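The exercises below ask the reader to work through one structure step by step, from the overall fold to single residues. Please attempt each task before reading its solution.

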Amino acid sequence: MMLSKDETRDLYRRRAKRYDLLTQLYRLSGFNIDRYRQNTISALGLCPGDQVVELGCGTGLNFEYVQRIIGPEGSIVAVDLTDAMLDVARGRVAREHWTNVEIVQADLAEWQFPVGVSAVYSTLAITLVPEYDEIIKRASRALRPGGSLAVLDMKEPERWPTWLVNLAVWLYRPFGVSLDLAHRHPWESIGRYLRQTSYEEYYFGAIYVCAGRKEA
């Protein structure tokens, strides 16, 4: 059963302090989350000095990958619903002495995008938001000409037997995953509002990275 936004926020409040560790534990099942995150950032085609927006930034695990490319002359606006997750992200920013990260607590469905950003991305977050299609639409409008958008998320694998799909849902339920989310297809939204530039599946079809670009 899909969680409400309040339930999602409460769930991630409980997970916040141990979130980074929990995600690494999933590597034991072959879930190479670090690789998937890096491939998502690579799909954006970032350059030094770019202005980047992350939707559902959580604890800021992606910041390092983005910072390597955009450098101190670039900037990140990181948005998330959950205060406790953002507290961890702020701690990460402080430890790394990054001065180019703006952290915002907001409901993505209501948050107003800055205009003319270089790139927007989301990892393992956008499918949890009921208004995901409208958010991707507004994100595409906020991009500068030639700007890019990329999404990393989970999907229902087409070739898995039912018992294996149910097992996977059970394993990832601590992060709000449910079969009810299977009808949400952010990759289709990217194709609807942007020129889709790439689509790759991982983890035997249970994970995808999709990217699109705004016409220059």
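Helices (H or I, at least four residues) and strands (E, at least two) are here DSSP runs, numbered from the N terminus. The model is a predicted one.

**Exercise 1. Determine where Tyr203 and Phe204 are found and what sets their backbone apart.**

Solution. Begin with the location: Tyr203 is found in the loop between β6 (195–202) and β7 (207–213), and Phe204 is likewise found in the loop between β6 and β7. Turn next to the backbone, where Tyr203 has a positive phi of about 50 degrees without being a glycine, and where Phe204, again not a glycine, has a positive phi of about 60 degrees. These values deserve a remark because most residues other than glycine have a negative phi. The last step concerns the surroundings, for which the cut-offs are under 20% relative accessible area for buried and over 50% for exposed. Tyr203, at 16% relative accessibility, therefore counts as buried, whereas Phe204 is exposed, since its relative accessible area is 71%.

**Exercise 2. Describe the overall build of the protein, and decide how its radius of gyration relates to the globule rule.**

Solution. Start from the secondary structure, which comes to eight helices and seven strands. The radius of gyration is 16 Å, close to the 17 Å that the globule rule gives for 216 residues, so the protein is as compact as a globular protein of that length. The extent of the C-alpha trace along its principal axes is about 50 × 35 × 30 Å. As to burial, 53% of the 216 residues count as buried. Among contacts between residues at least 6 apart in sequence, 74% join residues at least 24 apart. At the surface, the accessible area comes to about 10,400 Å², and 53% of this belongs to carbon and sulfur atoms. Finally, for the charges, the mean position of the 26 positive ones and that of the 27 negative ones are 2 Å apart.

**Exercise 3. Establish how many disulfides the structure has, and examine the setting of Cys210.**

Solution. A search of the whole structure finds zero disulfides. In agreement with that search, Cys210 is in no disulfide, and the nearest cysteine sulfur, that of Cys47, is 20 Å away, whereas a disulfide would require a pair of cysteine sulfur atoms within 2.5 Å. As regards accessibility, Cys210 counts as buried because its relative accessibility is 0%, and Cys57 counts as buried because its relative accessibility is 5%.

**Exercise 4. Place Glu54, Ser118 and Trp111 in the secondary structure, and list their contacts beyond four places in sequence.**

Solution. Take Glu54 first, which lies in strand β1 (residues 51–55) and is buried, as its relative accessible area is 0%. Leaving aside neighbours within four places in sequence, Glu54 is in contact with Asn62, Phe63, Val77, Ala78, Val79, Tyr121 and Thr123. The C-alpha atoms of Glu54 and Ala150 are separated by 9.8 Å, although these residues are 96 apart along the chain.

Ser118 belongs to strand β4 (residues 117–123), and with a relative accessible area of 4% it is buried. With neighbours within four places again left aside, the contacts of Ser118 are Asp50, Gln51, Leu143, Arg144, Gly147 and Ser148.

Trp111 has its place in the loop between β3 (101–105) and β4, and this loop residue is buried, with a relative accessible area of 11%. Beyond four places in sequence, Trp111 is in contact with Val53, Leu55, Val77, Val79, Val104, Ala106 and Arg138. For Trp111 and Val79, which are 32 residues apart along the chain, the C-alpha separation is 8.6 Å.

**Exercise 5. Is His183 buried or exposed, and which residues are in contact with His183 and with Val177 beyond four places in sequence?**

Solution. His183 lies in the loop between α7 (162–172) and α8 (186–193), and at 52% relative accessibility it counts as exposed. Leaving aside neighbours within four places, His183 is in contact with Met2 and Tyr132, while the C-alpha atoms of His183 and Glu156, 27 residues apart along the chain, are separated by 8.8 Å. Val177 is also found in the loop between α7 and α8, and its contacts beyond four places are Met154, Val169 and Tyr172. The C-alpha atoms of Val177 and Leu124, which are 53 residues apart along the chain, are separated by 10.0 Å.

Technical notes:
Residues are numbered from 1 along each chain as its sequence is written. This is a predicted model: local features need pLDDT of at least 70, side-chain atom pairs count only at pLDDT 80 or more; totals for chains, interfaces and linings use all residues. Side-chain values use heavy atoms; hydrogens and water are left out. Buried means under 20% relative accessible area, exposed over 50%, partly exposed in between (1.4 Å probe, protein chains only). The radius of gyration is taken over C-alpha atoms; the globule rule is 2.2 Å times the number of residues to the power 0.38. Contact means heavy atoms within 4.5 Å. Accessible areas come from the Shrake-Rupley method with a 1.4 Å probe; for residues, only the protein chains shown count as cover. Lys and Arg count as positive and Asp and Glu as negative; His and the chain ends are not counted. The place of a charge is taken as NZ of Lys, CZ of Arg, CG of Asp or CD of Glu.
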